[in-house]
Amino acid sequence: MFQQDLQPVGDSLALSALCAALPLLTLFVLLGGLRLQAWLAGLISLGVALVIGVALFGMPVGQAALAAFDGAAFGFFPILWIVINAIWVYNLTVASGHFDVLRRSFEKVSPDQRIQAIIIAFCFGALLEALAGFGTPVAITVVMLMALGFRPIKAAAVALIANTAPVAFGALATPIVTLASVTSAVSDDPRLTVDGLGGMVGRQTPILAVIVPLILVLVVDGRRGLKATWLPALVCGGAFAVAQFVAANYISVPLADIVAALVGAAAVVLLLRVWTPADVLTAEQAAAEDDEVEDARATSTRRGPNGLSTTVTASTGRGAPAGGGATSGPGGTSPGSRAGEAPRDSGADVAKAYAPYLVIIAIFSIVSIPAVVDALAKEPFTYSFAWPGLDITNPAGDPVATLFKLNWLPAAGTLMILAGVITAAILKVSPGEAARTYVKTYVELRSAIVTVMAVLGLAYVMNLSGQTTSLGAWLAGAGGAFVLLSPILGWIGVAVTGSDTSANALFGALQVQTAREAGLDPLLMAAANTSGGVLGKMVSPQNLAIAAAAVGMAGREGDIFRKVIGWSLGLLLLVCVIVGLQSTPVRGWMVPTS
């Protein structure tokens with residue numbers, strides 16, 4: 001048996017906490033300072049955590065290794081199991097050509113670039129975040145905005161800023177699932193579950209959702225854009241916020257972003273049936289008025305998320321020169337189409353383009369029925385067991401939970417495979433092509449797979465060896481002031497790692513332990529880590545690199561960074577205020593007590 005020690009280094013809490021911070025500092029320096037590849041930085045930092053845990057915190061070598069394997073296993077299942085299969089479904093739509101149909105359907109909603117930014121970057125980006133996350137929304141929406149005539153740096157800024165409010169519930173709530181796992185392992189608070197944490201985050205990020213669309217139209221067209229299109233921005237943000245709150249608290253945490261994205265988009269579409277802006281900002285007008293000087297390239301082959309190839313075109317967003325010959329959609333070009341014209345998609349093709357998302361919603365809605373949830377939570381569909389070989393107690397002598405839940409059938413990733421099979425049938429993708437696409441998805445994600453498993457292994461070693469406990473006890477010295485620092489800690493974690501999931505794995509347990517020592521609400525502090533973290537996405541080196549590569553500005557990440565850093569810090573300050581008020585009687589009623 002291994003018992004955690006609060007201050008094993010020199011019998012000093014401060015010195016022990018400093019040593020415990022070394023794995024995190026290593027990760028931050030390697031990623032943010034030396035710009036090392038994420039997978040390599042994760043493995044090196046995991047090695048540092050193992051050395052610190054064994055040499056300084058006294059954890060037996062065998063148990064330290066088992067803790068790393070436990071974390072890596074959780075990193076693959078359920079986290080990567082969700083991500084891999086979600087991106088596979090997206091890849092099926094690309095392989096069949098229906099992703100281009102989807103993009104063209106968005107273009108027909110409005111020719112106004114300000115409204116296109118709301119629908120594509122915010123609503124459709126949120127849908128992509130819900131299904132895949134991990135940089136996918138930024139790369140894909142940037143390509144779509146470029147295809148609609150947005151200048152490169154503006155498209156990148158819009159996509160990055162939009163990728164905020166949905167992040168906490170991204171990849172079918174993978175950050176929340178991770179947060180629930182690491183926090184429940186260090187606290188017996190019954191609220192630290194996926195539903196409890198998702199509900200609390202759903203009382204914070206919707207406030208951001210109301211504001212972000214307003215910022216988008218401001219970025220696209222300045223004060224004139226805000227004055228002309230504040231109504232659709234507010235309608236979209238308000239509808240998204242209400243739907244996200246309701247879904248996260250009363251329907252399904254994994255479905256929160258999917259529901260919110262569809263409701264937000266529907267609200268804008270319905271508004272545009274009865275209202276149009278007095279002045280429409282077309283692509284041609286925006287180009288003429290834009291003061292930025294960018295080298296225009298007729299055809300730009302760029303790399304999307306995880307190595308996905310994305311080539312900007314005027315008609316499809318992929319594969320031909322902008323403004324050049326159109327490529328046919330799944331249904332082919334209609335007889336009346338001429339060269340240089342965009343294909344006219346049939347109603348059947350448009351329906352098929354939306355079908356994968358409707359299938360996903362239907363499947364997850366069915367498995368969210370209480371009777372179905374109860375049935376699938378039992379053997380043989382779900383197995384729960386203590387991770388073999390781990391026998392650990394906390395400094396007080398109480399056992400530390402090391403439970404691993406293998407819910408192989410009801411897991412979100414498994415449900416995504418079912419959705420993928422149905423999608424392949426609807427889109428008429430052959431079994432062989434679907435299988436090749438699945439293998440290709442693993443190949444494209446190989447570095448992300450190593451990164452996530454390494455970071456989760458690092459988090460588990462820190463948590464189980466007592467490193468996180470020492471850090472939490474030391475930070476608790478800030479007392480009530482920690483409530484304002486909590487979102488900033490999440491922001492730092494995401495800004496460096498590029499992932500809200502990774503930041504929750506690194507700091508989730510720390511937030512809860514610090515809250516316990518400082519007399520704060522652990523549910524509020526854990527949720528603040530995620531809500532503050534979502535604002536670090538737009539300034540993380542990984543996301544900046546994805547956006548820069550997608551718009552053909554590789555090496556000019558600094559230009560994009562300067563466009564978004566102010567918004568990131570301003571919204572972070574807002575979250576700090578929200579969390580601070582929620583810790584007081586002023587807004588304390590927003591925090592569930594049971």
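# Reading a predicted helical chain

The place of Pro380 is in the loop between α15 (370-376) and β4 (383-386). The model is predicted.

Q: What kind of peptide bond joins Glu379 and Pro380?
A: The bond between Glu379 and Pro380 is cis, with omega at about 10°. Pro380 itself sits in the loop that runs between α15 and β4.

Q: How many helices and strands does the chain come to?
A: There are 24 helices and 6 strands in the secondary structure.

Q: What share of the 594 residues in the chain is buried?
A: Buried residues make up 57% of the chain. The exposed area of the chain is about 21800 Å², and 66% of that area is supplied by carbon and sulfur atoms.

Q: How much of the contact set comes from residues 24 or more positions apart?
A: Taking the contacts in the chain with a separation of 6 or more, 77% are between residues 24 or more positions apart. Leu179 offers a case: its C-alpha atom is separated by 5.7 Å from that of Gly508, although the two residues are 329 residues apart along the chain.

Q: Where is Leu179, and is Leu179 buried or exposed?
A: Leu179 belongs to helix α9. Its relative accessibility is 0%, so Leu179 counts as buried. Leaving out residues up to four places away in sequence, Leu179 touches Leu197, Asn504, Gly508, Ala526, Ala527 and Thr530.

Q: How is the packing of two helices described?
A: Two packed helices are described by the angle between their axes and by the distance between those axes. In this model, α9 and α22 (residues 522-533) pack at about 145°, and their axes are 11 Å apart. The crossing of α9 past α22 is right-handed.

Q: Which residues of α9 and α22 meet?
A: From α9 come Ile176, Leu179 and Thr183; from α22 come Ala526, Ala527 and Thr530. By class, the residues of this contact are 4 nonpolar and 2 polar, with no charged residue.

Q: Why do residues three or four places apart in an α-helix point the same way?
A: An α-helix has 3.6 residues a turn, so residues with that spacing point the same way. On the α9 side of the contact with α22, the residues to look at are Ile176, Leu179 and Thr183.

Q: What is the phi value of Ala173?
A: Phi of Ala173 is near 65°, which is positive in a residue other than glycine. Ala173 is placed in helix α9. At 0% relative accessibility, Ala173 counts as buried.

Q: Where is Lys428, and is Lys428 buried or exposed?
A: Lys428 lies in the loop between α16 and α17. Its relative accessibility is 70%, so Lys428 counts as exposed. The phi of Lys428 is also positive, near 60°, and this residue follows α16.

Q: What span should the 15 residues of helix α16 have?
A: At 1.5 Å a residue, α16 (residues 412-426) should span 21 Å, because the expected span of a helix is 1.5 Å times one less than its number of residues. The end C-alpha atoms of α16 are 21 Å apart, which agrees.

Q: Which residues of α16 are buried, and what do they pack against?
A: The buried residues of α16 are Ala412, Gly413, Thr414, Leu415, Met416, Ala419, Gly420, Thr423 and Ala424. They pack against α4 (61-96), α9 (170-184), α14 (347-367) and α17 (431-444).

Q: How many residues of helix α8 are buried?
A: In α8 (residues 152-162), 11 of the 11 residues are buried, and the helix is mostly covered. Lys154 is among them, along with residues such as Pro152, Ile153 and Leu160.

Q: Where is Ala162, and what does Ala162 touch?
A: Ala162 is found in helix α8 and counts as buried at 1% relative accessibility. Apart from residues up to four places away in sequence, Ala162 touches Ala121, Phe122, Val212 and Leu216. Ala162 and Thr141 are 21 residues apart in sequence, and their C-alpha atoms are 9.7 Å apart in space.

Q: Is Arg114 buried or exposed?
A: Arg114 has a relative accessible area of 1%; buried means under 20%, so Arg114 is buried. Its place is in helix α6 (residues 113-131). Beyond neighbours within four places in sequence, the contacts of Arg114 include Asp221, Arg224 and Asp279. Val217, Val220 and Leu281 are also among the residues in contact with Arg114.

Methods: Residues are numbered from 1 along each chain as its sequence is written. This is a predicted model: local features need pLDDT of at least 70, side-chain atom pairs count only at pLDDT 80 or more; totals for chains, interfaces and linings use all residues. Side-chain values use heavy atoms; hydrogens and water are left out. Helices (H or I, at least four residues) and strands (E, at least two) are DSSP runs, numbered from the N terminus. Buried means under 20% relative accessible area, exposed over 50%, partly exposed in between (1.4 Å probe, protein chains only). Contact means heavy atoms within 4.5 Å. Axes are lines fitted to C-alpha atoms, for helices over the stretch in contact, and angles run from 0 to 180 degrees between N-to-C directions. A crossing is left-handed if the near helix is turned anticlockwise from the far one by less than a right angle, and right-handed if clockwise. Ala, Val, Leu, Ile, Met, Phe, Trp, Tyr, Cys and Pro count as nonpolar, Asp, Glu, Lys and Arg as charged, and the others, Gly among them, as polar. Accessible areas come from the Shrake-Rupley method with a 1.4 Å probe; for residues, only the protein chains shown count as cover.
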